[in-house]
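Colleague: I'm new to this one, and I'd like to know how you back up the labels you put on it. Can I quiz you while we look?

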Amino acid sequence: MTDINNIIKREVNPFDIINLKPTNFWADEQDSTLMVESIHQETIIEIEGLLDLIGKDHRSRTVLLAGDSGSGKSYLLGRLKRTLNPKAFFAYILCNWADSTYIWRHILRHTVDSLIQVPEGEKESQLMLWLKSLSAFSRANIKQRIFNDNFWEALQSNRQKFIKHLKDTYKKAGIYNPDIFFGVLHDLANPELYDLACEWLRGDDLSEESMKEIRVKNCIDTEDAAKNILANFGRISTQTQPIVLCFDNLDTMPQLPEGFLDIQPFFNVNTTIHGDSLKNFLVIISVITDTLKRHFDKILPADKAGIHKTIQLKRINIEQAEALWAYQLNPLHQLATPKPKSAIFPLNQQILATNYPGGKTMPRNTLILGRDEYQKYKISLLTEKPKPVTVDPPTQVDPDKSNQDTTQAELQLLWQKEYNKSQEKITKISLLSSSDLIQMLQHAISVLQIQGIKPKLLSGKYATYSLSYQDYKDKQKVGIIWTEDTNMTSFFHIMNACQTAIKNNLCQTMYLIRGADVGKPNLAGNQLYRQIFTNTNYHHIKPSLASVHYLATYQSLVNAAKSQELVIGGKSITLQKLETLIRESEILPKKCTLLHYLGLVSQPKKEQDTNNENGTRDLRPVKDFLFNLVTTQQFMGVPTLISQAANQFSDAKETDIQHLIDLLCQEKKVKLINPKAKLPDQLICLVA
């Protein structure tokens, strides 16, 4: 028999594992905590009704999904995807485009990134499911959408026949550049060309060699081209399922000088989607209620008319809050014998009634309250007579004072979790656009309190690839250009823009960040590159993939903070507070070597995230994780600590983890509460 109190002593606080920040429902595995059936159920039914209408008349529609911070907007988008994916294709689009002149390209890139994902229960990507479901490849009975494999295979083997068949089928649809577009769709069916075809569709600036392979002469490098390619998806899919574009967190979009979001260009885009050119789309815009109120008057009346329906997310009631607790506590209850009589033990209904006398609350507040009350009960178990959770009015405690010892530990744990996601998601630098890369770098530089940071050092088409700042030593202006575009014609134009900036004395020092090659010596772009960056005051830096992982990890926290969705230690963290915490932790200066090569960090730091100089695994991140986890939990079971570390670091051996725990004990940072007990029963805590 394993008493529930013993389970609570050894296990991690179940409310600590919740990811209280917005997540991309394709890139991140969402917590299903907010999947309590009744929460926001009426909203799901309403949106499903709109989706069914689009399936019938193919007219694009927009839903404005407004809710207070912590109401579960981002989680609802994920739930909609999981619930309705069988009847629609879903795209997740964070509104963090680098510049408002880049919106259509941002939307296309993230739409295609979502379409190449494989839905649950399927073997092929949304993109291939969409392609094969087109009326051009279906039998006569479109409603059944039975795919004719023989017909598909015959077309697949003949590119020109494939293109002609689609042109004949959709000759009245007004397809943009049909020969090129249908040709790239044909290449999707070729495993050897699939990746290149996807890269072209998402708007990557491909090399001349790559373009030759898929038989295109130009890439999608303008807003108009991006808009029309996106429109093509809708124009030929009126017999298939609709495409749902989920725009999340408007607070991450660019700001105007007066502090307001640059929101009007986005609603211009939304109005365009409702025109005749873009069919079969459902647009869902997730926005904080206060943000919507603050900016509503800045949206033109004609664009307000493009919003088909506004849905205000309701607060949850006490029964739903209790269901959230029960869902989160259930895994612990399943380990206990006998099972607790209450589904929310060690919590109780009176806690909810006392803290929410009006009977309504937010999902996030409910989870934070559960975390804090659970931890109180757990600590009481170290006394001889455990005290039940109190039902007195909540104590007024200074949150900064009570959490000052654990905030950094919780940040480090969150950072490690997000860093692992970045490593898994970003396997090569070119997966990110140059505009996104420079934006990520700009936020990282801001942490270092560098003065005079300004975007767009360059002018023209490649302005969003650049920034400038004031050097803290000699006060001179430093320019940074980051481009990973492999097209050498584009590279020449970027080098030409760099030379113009230098001639106009826009900066005294210039850094080119580029991991891709710079072309053959006979190319004009390479020759211009050598003139600028060889034996001059201008420098070329080749970034490591690890540095990009650090920048991307911080960017994910920045996006969460801007959206008022970043919670650490039960507190909502603002962007200003996040910058302070990151500076105190020294995560970026210590780990991101790119900042050192730019001269922004005084002491060099070799990247040793994977291996030490002798080739052995560097276990310092594992050791830090162990200490931070014990810090946040205050005490826990040693086997649980080992398993948590093994889950976080898949390449760390259990014997290594046990050795690191022994080291922490020797350093008197942690100690075993019951060292004479067998390993399965051992508990570990911080040294007071």
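Modeller: Sure, and let's begin with a term: a helix here is a DSSP run of H or I with at least four residues, and helices are numbered from the N terminus. With that in hand, S422 sits in helix α19, residues 407-425. Keep in mind that this is a predicted model.

Colleague: What makes S422 buried or exposed?

Modeller: Buried means under 20% relative accessible area. S422 has 6%, so it is buried.

Colleague: And how do you know that the side chains of S422 and T553 make a polar contact?

Modeller: The cut-off is an N or O pair within 3.5 Å. The side chains of S422 and T553 come to 3.1 Å, so they make a polar contact. Leaving aside neighbours within four places in sequence, S422 is in contact with H549, A552 and T553.

Colleague: Why is there no disulfide at C507?

Modeller: A disulfide needs two cysteine sulfurs within 2.5 Å. For C507 the closest cysteine sulfur is in C498, 8.3 Å away, so that is too far for a bond. C507 is also buried, at 2% relative accessibility.

Colleague: What about C665?

Modeller: Its closest cysteine sulfur, in C685, is 9.2 Å away, and that is too far for a bond. The count of disulfides by this rule is zero.

Colleague: What makes C665 partly exposed?

Modeller: Partly exposed is the range between the 20% and 50% cut-offs. C665 has a relative accessible area of 24%, so it falls in that range.

Colleague: Now the rings. Why is the pair of Y170 and F182 called tilted?

Modeller: Ring centres must lie within 6.5 Å to pair, and planes that are neither under 30 degrees nor over 60 apart count as tilted. Y170 and F182 have centres 6.4 Å apart and planes at 35°, so they pair and the pair is tilted. Y170 is in the loop between α7 (159-169) and α8 (178-188), while F182 is in helix α8, 12 residues apart. Both Y170 and F182 are buried.

Colleague: What makes F266 and F267 an edge-to-face pair?

Modeller: Over 60 degrees counts as edge-to-face. F266 and F267 have 75° between their planes and 5.3 Å centre to centre, so the label fits. F266 and F267 are buried too.

Colleague: Which residues of α12 are buried?

Modeller: In helix α12, residues 264-273, they are Q264, F266, F267, V269, N270 and I273. What covers them includes β1 (61-67), α4 (103-115), β3 (243-248), β4 (281-288) and α14 (301-304).

Colleague: Back to the rings: which residues form one aromatic cluster?

Modeller: W130, Y170, F181, F182 and F233. Across the whole structure, a search finds 18 aromatic pairs.

Colleague: Which residues touch the most other members of the largest nonpolar core?

Modeller: L185, L188, W200 and L201, in a core of 69 residues. Beyond its neighbours within four places in sequence, L185 is in contact with W130, L131, F162, L166 and I236. Apart from that core lies another of 48 residues, among them Y419, M440, V478 and I582.

Colleague: Let's go to the outside. What makes D195 exposed?

Modeller: Exposed means over 50%. D195, in helix α9 (residues 194-201), has 53% relative accessibility, so it counts as exposed.

Colleague: And R215, what is its phi?

Modeller: About 60°, a positive phi although R215 is not a glycine. R215 is in the loop between α10 (208-213) and α11 (223-235), and its relative accessible area of 55% is over 50%, so it is exposed.

Colleague: Where is Q449?

Modeller: In the loop between α20 (434-447) and β8 (451-455). Q449 is another residue other than glycine with a positive phi, near 60°. Its relative accessibility is 51%, so Q449 passes the 50% cut-off and counts as exposed.

Colleague: Which peptide bonds are cis around P338 and P346?

Modeller: The one joining T337 and P338 has omega of about 0°, and the one from F345 to P346 has omega near 10°. P338 is in the loop between α15 (318-335) and α16 (349-355), and P346 lies in the loop between α15 and α16 as well.

Colleague: Last one: what is the average pLDDT of the chain?

Modeller: It is 88, and 89% of the residues score at least 70. Over residues 140-147, though, pLDDT stays under 50.

Technical notes. Residues numbered from 1 in each chain as written. Predicted model: local features only at pLDDT ≥ 70, side-chain atom pairs only at ≥ 80, totals over all residues. Heavy atoms only, no water. Core = buried A, V, L, I, M, F, W, Y, C linked by side-chain atoms within 4.5 Å. Buried < 20%, exposed > 50% of the residue type's maximum accessible area, 1.4 Å probe, protein only. Contact = heavy atoms within 4.5 Å. Helix = DSSP H or I, 4+ residues; strand = E, 2+ residues; numbered from the N terminus. Polar contact = N/O pair within 3.5 Å; in protein donor to acceptor, adjacent residues only side chain to side chain. pLDDT = per-residue confidence, 0-100. Phe/Tyr/Trp six-rings, centres within 6.5 Å; stacked < 30°, edge-to-face > 60°.
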